[in-house]
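Trainee: I should be grateful for a close look at the charged side-chain pairs of this structure. Please take me through them one at a time.

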Amino acid sequence: MNLTSAVRAPIMLSKPSFLGGDPWLLEEVTGLPALDPVTMDTNIWVEPQTGLLVRANKQLQINIMIEQAKMFVGLTKLRKAPRYIPIALIKETGGLDDDLLDQFHRKVILPKSILFGLMWALTASLLCLAVVCAVLALFSKLQPAEDGEKNPILGINN
């Protein structure tokens, strides 16, 4: 990300060690840590049921652009294309600690899971009751009642 117009200096932002950038960015820079996308990239962990941000990790590298300049003898050895030299690394991390995460699980996720299980148990029980009622109604209709007796389930005279 080019910040030159914002800060009036040749400043660029990138991922650490130019992660995801062109390989030529690393050609004249030494001493950078090895590329590791797992730890250097931006990562966000979100609890899927509630959308709660559990943990976040973001790193940015601040680079300054240098070019060949005749008045600076040390820069005459650079090739004509500009070079980006890292000058700072910003690390931002945040999230819930393990105690808060455990408390969130006990007070939000666990009761929700229990209610979900109870809902399915109640649904299955009602379904079984409906099947039993249907079977009893079918059997009572198939058996003829004696004269003058009411059918005990349907409450009608035959």
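Mentor: What follows is an account of the salt bridges, with a short note on a nonpolar part of the surface. The model is a predicted one, and a search of the whole structure finds two salt bridges. As general background, side chains of opposite charge can pair when their charged atoms come close.

Consider the pair K15 and D41, whose closest N and O atoms are 2.8 Å apart. This salt bridge links distant parts of the chain, its two residues being 26 residues apart. K15 belongs to the loop between β1 (11–14) and α2 (37–40), whereas D41 belongs to the loop between α2 and β2 (43–46). K15 has a relative accessibility of 34% and therefore counts as partly exposed. D41, with a relative accessible area of 24%, is also partly exposed.

The other pair is D102 with R106, where the closest N and O atoms are 2.7 Å apart. Both residues lie in helix α3 (residues 98–142), and because they are four residues apart there, about one helical turn separates them. D102 is partly exposed at 41% relative accessibility, and R106 is partly exposed at 44%.

Helix α3 also holds L127, which is one of the residues of a nonpolar surface patch of about 610 Å². The patch is made by L127, V131, V135, L138, F139 and L142. L127 counts as exposed because its relative accessibility is 57%, and the cut-off for that class is over 50%.

Technical notes. Residues are numbered from 1 along each chain as its sequence is written. This is a predicted model: local features need pLDDT of at least 70, side-chain atom pairs count only at pLDDT 80 or more; totals for chains, interfaces and linings use all residues. Side-chain values use heavy atoms; hydrogens and water are left out. A salt bridge is a side-chain nitrogen of Lys or Arg within 4 Å of a carboxyl oxygen of Asp or Glu. Buried means under 20% relative accessible area, exposed over 50%, partly exposed in between (1.4 Å probe, protein chains only). Patches are made of residues with over 30% relative accessible area and no salt bridge: like charges are joined within 9 Å, nonpolar side chains (Val, Leu, Ile, Met, Phe, Trp, Tyr) within 5 Å. Accessible areas come from the Shrake-Rupley method with a 1.4 Å probe; for residues, only the protein chains shown count as cover.
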